[in-house]
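Student: Could you take me through one part of this model in close detail? I would like to start from a single residue and work outwards from there.

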Amino acid sequence: MSDPRDGEPMFQIEGFPTLERMRKEHPFTLWGMEQVDSSLLAFVAPRSEHETWTCMMHCHRGDPWKIKAFLWCHIDPMEELYLKWGVDVKPPFQWEAMKQAPGSGLEWRLEQEDADLEKTIEKILRDIWWCQRNTKLALAHLHHEALRLQASVVGVN
């Protein structure tokens, strides 16, 4: 057990790996987490397309293991997305006024528990995957709507 004056050990992994990839590429991270009562695990993904994803997890040994995670996704502002999508009309809604919106970012609080650390991590990774998937679907919908708006403006002229 670590000395409480040392603080909790923190582990960082680039990207959002699967559990199998963690076992293969980061076995000492998993081993290190199992050696202490409490640790922090961060996933930081490189920017892709319009998004930057980050997750900070607090892992606590107990019966069962518990993980509380905070997941953030920063998305480019709508005006920038419209430009990248080749749309030259203004977005029809003031997105920047919303807390969870493109330009402001999205956030989730996730919690999982299981008797086994790896199974708990696997559950959290599955929750993260769903958040990422649903965000990509929402962005695809926004893209479609932007193109539709552009087509309607072109059709009026």
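Tutor: Happy to! Leu-40 is partly exposed, with a relative accessible area of 22%; buried means under 20%, exposed over 50% and partly exposed in between, using a 1.4 Å probe and protein chains only. Before going on, note that this is a predicted model, in which local features need pLDDT of at least 70, side-chain atom pairs count only at pLDDT 80 or more, and totals for chains, interfaces and linings use all residues. Residues are numbered from 1 along each chain as its sequence is written, and side-chain values use heavy atoms, with hydrogens and water left out.

Leu-40 belongs to strand β2, residues 38–44; strands (E, at least two residues) and helices (H or I, at least four) are DSSP runs numbered from the N terminus. Leaving aside residues up to four places away in sequence, Leu-40 touches Glu-8, Pro-9, Met-10, Phe-11, Met-56, Met-57 and His-58, where contact means heavy atoms within 4.5 Å. Lys-68 is 28 residues from Leu-40 along the chain, and their C-alpha atoms are separated by 9.8 Å.

Met-57 leads us onward. With the same sequence neighbours left out, Met-57 touches Ser-39, Leu-40, Leu-41, Phe-43, Ile-67, Lys-68, Ala-69 and Ile-124. Met-57 is also one of the residues that, along with Leu-41, Phe-43 and Ile-121, touch the most other members of the 37-residue largest nonpolar core. Helix α4, residues 117–156, supplies the largest share of this core, nine residues. Such a core is a set of buried Ala, Val, Leu, Ile, Met, Phe, Trp, Tyr and Cys residues joined through side-chain atoms within 4.5 Å.

Helix α4 also holds Gln-150, which counts as buried because its relative accessibility is 16%. Not counting residues up to four places away in sequence, Gln-150 touches Val-87, Asp-88 and Val-89.

Finally, the cysteines. With a disulfide taken as a pair of cysteine sulfur atoms within 2.5 Å, the count comes to zero. Cys-55 is in no disulfide, and the nearest cysteine sulfur, that of Cys-131, is 9.0 Å away. Cys-59 is in no disulfide either; the nearest cysteine sulfur there is that of Cys-55, 9.2 Å away. Cys-55 is buried, at 0% relative accessible area, and Cys-59 is buried with a value of 0%.
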